[in-house]
Amino acid sequence: MDIITRIRKANFLGRGGANFSTAKKWEMFKNEKMDKKYIICNASEGEPDVFKDEYLIANFPEEIINGIKIALDFFSNSQAYIYLRKDLYLKFGLKLKKIIKKEKIKLFKETGGYLCGEETTLISSMEHQRREPKIKPPYPLQKGLKGKPTLINNVETFYYISKIAKQEYKKTRFYCISKDAKKQGVFELPIDWSVKKILQKTKNYPEYDFFVQVGGGACGKIVFGKELNKSVCGTGAIIVYNVKQDLIKLMQKWVNFYINENCGKCVPCREGFYRIREILNSKKIDWKLLKDILEVMKETSLCGLGTSAPTAFLSLMEMMKYR
Amino acid sequence: MPKIINIKINNKKIKAQEGDTILETAYKAGIEIPHLCFHPDTEVKANCRVCVVEIKGRKDLPTSCSTKIEEGMEIKTESSRVAKARKINLELIFSEHIEKCGTCPMNFNCKLLNYAKKYNLKITRFKDRKKNRKVYKFGNAVELDSSQCIDCRNCVDICEQQGVGFLKLKNKGHKIEVVPVDDGKHDCVYCGQCAVHCPVTAIQEQLNYNEIEKDLKNKKNKILVAQIAPSIRTSIGEMFNLPYGKIMTGQLISSLRALGFDYVFDVNFGADVTTIVEAEELAERLKNKNFVLPMFTSCCPAWVKFVEFYYPEFIPNLTTSRSPHIHLAGIIKTYWAKKIKVDPKKIVVVSIMPCTAKKYESSRKELWLNNRPLVDSVLTTRELGYLLHKHKIDLTKIKPTKSDNPLGEHSGAGAIYGASGGVMESALRTAMFLLNKEKLKSINFKQIRGQQGIKKAEVKVGNRNLKLAVSNGLGNAKKILEELKQNPREYDYVEIMACPGGCIGGGGQPIPTTPLQRIKRAESLYQIDKKKKIREAHKNQEAKKAMSWLKKDKKLASQILHTKYHKKNKPEGFKIL
């Protein structure tokens with residue numbers, strides 16, 4: 001049984017946030033005909049309150065590199081990179097190099113910020129261009145680094161590729177629980193557990209009134225009440241907030257993050273965040289306008305940053321209305 | 001043959017070409033989708049997000065400029081979702097653009113204002129956020145007003161394509177800004193391609209219409225003379241919603257008279273002079289082995305500056321002939337002034353040009369006479385269109401008149417100067433006559449016509465094969481120059497125009513200027529040539545008369561007909577306001 005069949009049988013979805021079928025991605029990559037192909041392990045985790053990739057690199061570097069090696073062996077004429085966030089490069093670079101030895105794996109120190117986690121921006125940054133997303137299609141799988149087919153998978157995905165190859169994969173994933181939770185940290189637990197169950201089993205279920213943000217750090221959806229019975233998607237982040245949290249301040253925190261991290265290429269994202277900050281900082285918030293901008297940003301932005309960022313704001317506003 | 005596929009746009013069934021984008025398909029079907037950053041001359045950037053559409057089965061609203069059509073696709077270009085998104089994105093764009101409509105040359109042809117009306121925009125919904133942004137002046141020709149920029153990047157892209165690379169992006173997010181490069185290695189050549197590709201005139205020509213308006217209002221003993229460039233007669237109509245390429249020579253002349261000009265001359269006459277001077281020089285260079293070959297045309301001032309700054313080693317290759325409007329102005333202020341017994345100091349010559357670099361050219365002291373400029377002022381096609389609208393002169397209704405004589409007559413050769421290849425074709429018609437002294441079988445040199453960026457041909461002159469290269473767009477010029485660095489004898493005669501398609505695609509032309517518009521404008525110029533009785537410059541009797549009058553005074557003739565070039569060691573750079 002080849003590795004793609006194994007991944008398919010495991011129903012494995014990528015852990016970078018988009019929940020795309022890894023088997024399908026690998027199949028498509030395999031079918032690209034080209035003399036040279038690139039494999040990139042994306043280790044540029046950049047959202048606030050998300051730190052599971054860092055945890056994996058610190059604790060299981062052999063497993064991750066083994067996952068990359070499996071890919072290198074499987075795809076002929078391929079060359080691999082680990083694209084590392086700057087601080088991770090400084091902290092773990094040497095250790096990783098020792099494990100890699102002579103394999104065709106190189107480390108690449110990230111050159112920019114949060115947006116470099118976005119696949120096409122990551123490639124732009126590796127090509128020393130402006131760190132901005134490109135129009136898709138063509139997708140990196142077809143035309144990526146240096147114009148060659150490029151497979152980009154997240155750190156956790158490569159970790160589990162190794163596990164799948166060894167037949168040790170038990171349908172788990174890594175959750176990172178943070179903020180007002182009592183026992184913050186990274187936990188490996190079944191993929192189908194609900195948020196509620198995860199919080200209970202990790203002794204993080206609060207005694208106070210709370211809501212959580214799941215999936216991403218700043219772009220995750222706000223979840224409370226009955227919805228806590230659903231499982232976690234995206235990057236596996238669970239951020240617990242005390243309901244007494246100042247909600248406007250929370251939105252301001254997000255917008256300040258995005259205003260620094262957006263590239264400025266497309267109108268809804270560049271101008272949208274600027275205006276959202278302006279609205280949130282004003283004495284009387286124009287909720288209707290705020291919602292309009294967020295919806296248009298979600299529907300018309302060029303890359304994943306612009307289309308996913310509004311989720312947090314819109315779901316928080318839903319909750320405010322509900323309460 | 002491209003495959004034909006079936007799609008629906010706004011419930012209308014359309015047979016469309018596979019590989020086309022939604023925007024292209026809609027355009028071909030006569031459906032207009034609003035857009036700002038899209039321009040067929042640049043790569044699709046999809047950053048303004050105005051051309052978004054709704055596609056059945058898709059959650060988001062993709063941009064039509066970057067999305068290719070697929071079999072069975074059902075597209076809505078004006079659904080309520082689309083309208084809402086487009087409205088917000090346009091209002092956000094307006095918040096970047098400080099409206100300076102009162103003085104804007106595109107005021108009567110403004111895309112933004114049209115959209116504002118169509119979508120009932122609240123253009124002041126958001127506070128202007130770029131109030132304190134700077135204005136950068138490039139020479140006396142072009143300026144970038146950062147407070148009006150909508151960050152579409154067309155200017156940066158086109159400047160890069162021109163091989164100039166004078167504009168770059170600074171910062172990111174909402175702090176992103178287009179700024180000139182200040183590294184000592186790049187300099188603006190004033191071609192104005194940035195301006196003609198800017199959808200909101202944030203980059204534009206430095207305006208001179210104000211001074212002209214003042215002069216026209218208060219003439220104070222002055223004689224005001226307008227001279228019209230070859231190419232603008234086939235483009236100005238577009239500013240009055242006429243079909244692309246419509247020939248408006250007579251109306252253009254009448255409208256200038258209606259504005260108050262005392263005389264209107266045709267630069268096509270000047271072009272005939274230029275042709276004769278250039279053809280004589282070519283013949284001489286070919287006969288005398290000590291002369292430098294290939295000879296380059298030099299009537300495009302942006303190209304001249306490009307050579308002087310980026311490739312000074314090629315300065316000896318440039319023909320010493322002055323350019324058509326400088327030639328004509330020189331003749332106006334000497335020969336004609338004498339003829340009508342007027343002190344040349346009283347004559348104000350205003351050139352109406354498709355070009356921003358002509359503003360710079362006329363300020364170059366090498367092209368002055370007795371420490372005074374020959375051309376006093378240059379207006380772009382856009383500036384003139386604006387003045388006509390402002391003074392309620394309707395180009396479409398005015399009765400055509402002829403240009404003034406004797407400096408108004410011209411040959412067909414002069415007419416085609418505005419199209420890429422036209423200058424060389426004109427010069428060849430005369431050079432062949434000079435070298436062969438026999439009648440040419442055909443005076444049409446079709447190999448060097450058309451919109452391709454680089455055209456190559458060989459023609460037989462006597463027993464010699466003349467190797468020709470014609471290029472338009474400075475990016476292509478660069479390729480020719482690099483080729484010549486490798487093999488200096490690759491060509492004998494080279495025509496370069498800085499702008500795509502030549503002057504018909506000039507930096508001062510109406511906005512937009514697209515490949516289709518350039519084709520139509522050029523076709524009309526060749527129509528004018530075809531219909532002319534006299535089609536060779538050396539058969540223009542009035543031009544010859546003026547030139548032989550000049551040649552009586554050798555020094556004067558040399559001053560009026562020829563010029564010199566200088567290596568530019570340092571960039572002229574920019575000034576910040």
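Trainee: What makes the contact between the side chains of Glu483(B) and Lys456(B) a salt bridge?

Mentor: Start with the distance. This is a predicted model, and in it the N to O distance for Glu483(B) and Lys456(B) is 3.3 Å. The cut-off is a side-chain nitrogen of Lys or Arg within 4 Å of a carboxyl oxygen of Asp or Glu, so the pair counts as a salt bridge. The two residues come from distant parts of the chain, 27 residues apart: Glu483(B) sits in helix α15 of chain B and Lys456(B) in strand β15 of chain B.

Trainee: Why is Glu483(B) called partly exposed?

Mentor: Its relative accessibility is 23%. Buried means under 20% and exposed means over 50%, so Glu483(B) falls in between. Lys456(B), at 47%, is partly exposed as well, because 47% also lies between those limits.

Trainee: How do you know that the side chains of strand β15 of chain B alternate?

Mentor: Look at which way they point along residues 454-461. Lys455(B), Ala457(B), Val459(B) and Val461(B) point to one face and are buried. Ile454(B), Lys456(B), Glu458(B) and Lys460(B) point to the other face and are not buried.

Trainee: What makes β15(B) and β16(B) a pair of strands?

Mentor: Eight bridges join β15(B) to β16(B), residues 464-472, and the two run antiparallel. Pairing takes at least two bridges, so eight will do nicely. For examples, Glu458(B) has Lys467(B) as its bridge partner, and Ile454(B) has Ser471(B). In general, strands of a sheet pair through backbone hydrogen bonds. The hairpin of β15(B) and β16(B) has two residues between the strands, and Gly462(B) takes a positive phi near 60° there.

Trainee: Why are β12 and β15 of chain B called edge strands?

Mentor: Check the order of the open sheet: β12-β17-β16-β15 in chain B, four strands with mixed pairing. β12 (295-296) and β15 each pair on one side only. Helix α15 (residues 474-486) of chain B packs on this sheet, touching β12, β15, β16 and β17 (493-497). The direction of α15 makes about 145° with that of β16(B).

Trainee: How do you know that Asp529(B) is buried?

Mentor: Its relative accessible area is 1%, and the limit for buried is under 20%, so Asp529(B) is buried. Asp529(B) meets Arg535(B) in a salt bridge at 2.9 Å, N to O. Arg535(B) has 15% relative accessibility, so it counts as buried too.

Trainee: Where do Glu542(B) and Lys545(B) lie?

Mentor: Both are in helix α17 (residues 541-551) of chain B, three residues apart, about one turn of the helix. They form a salt bridge, with the closest N and O atoms 3.6 Å apart. Glu542(B) is partly exposed at 23%, and Lys545(B) is partly exposed at 47%. Elsewhere, salt bridges that share partners join Asp187(B), Lys305(B), Glu308(B), Arg364(B), Glu366(B), Lys568(B) and Glu572(B) into one network. Over all chains, the structure holds 78 salt bridges.

Trainee: Which residues form the nonpolar patch on the surface?

Mentor: Tyr27(B), Tyr244(B) and Leu516(B), with about 310 Å² of accessible area together. Take Leu516(B), found in helix α16 (residues 515-531) of chain B. Patch residues need over 30% relative accessible area, and Leu516(B) has 38%, so it clears that limit. It still counts as partly exposed, because exposed takes over 50%.

Key
Residues are numbered from 1 along each chain as its sequence is written. Chains are lettered from A and ligands numbered from 1 in the order in which they are written. This is a predicted model: local features need pLDDT of at least 70, side-chain atom pairs count only at pLDDT 80 or more; totals for chains, interfaces and linings use all residues. Side-chain values use heavy atoms; hydrogens and water are left out. Buried means under 20% relative accessible area, exposed over 50%, partly exposed in between (1.4 Å probe, protein chains only). Contact means heavy atoms within 4.5 Å. Axes are lines fitted to C-alpha atoms, for helices over the stretch in contact, and angles run from 0 to 180 degrees between N-to-C directions. Patches are made of residues with over 30% relative accessible area and no salt bridge: like charges are joined within 9 Å, nonpolar side chains (Val, Leu, Ile, Met, Phe, Trp, Tyr) within 5 Å. Accessible areas come from the Shrake-Rupley method with a 1.4 Å probe; for residues, only the protein chains shown count as cover.
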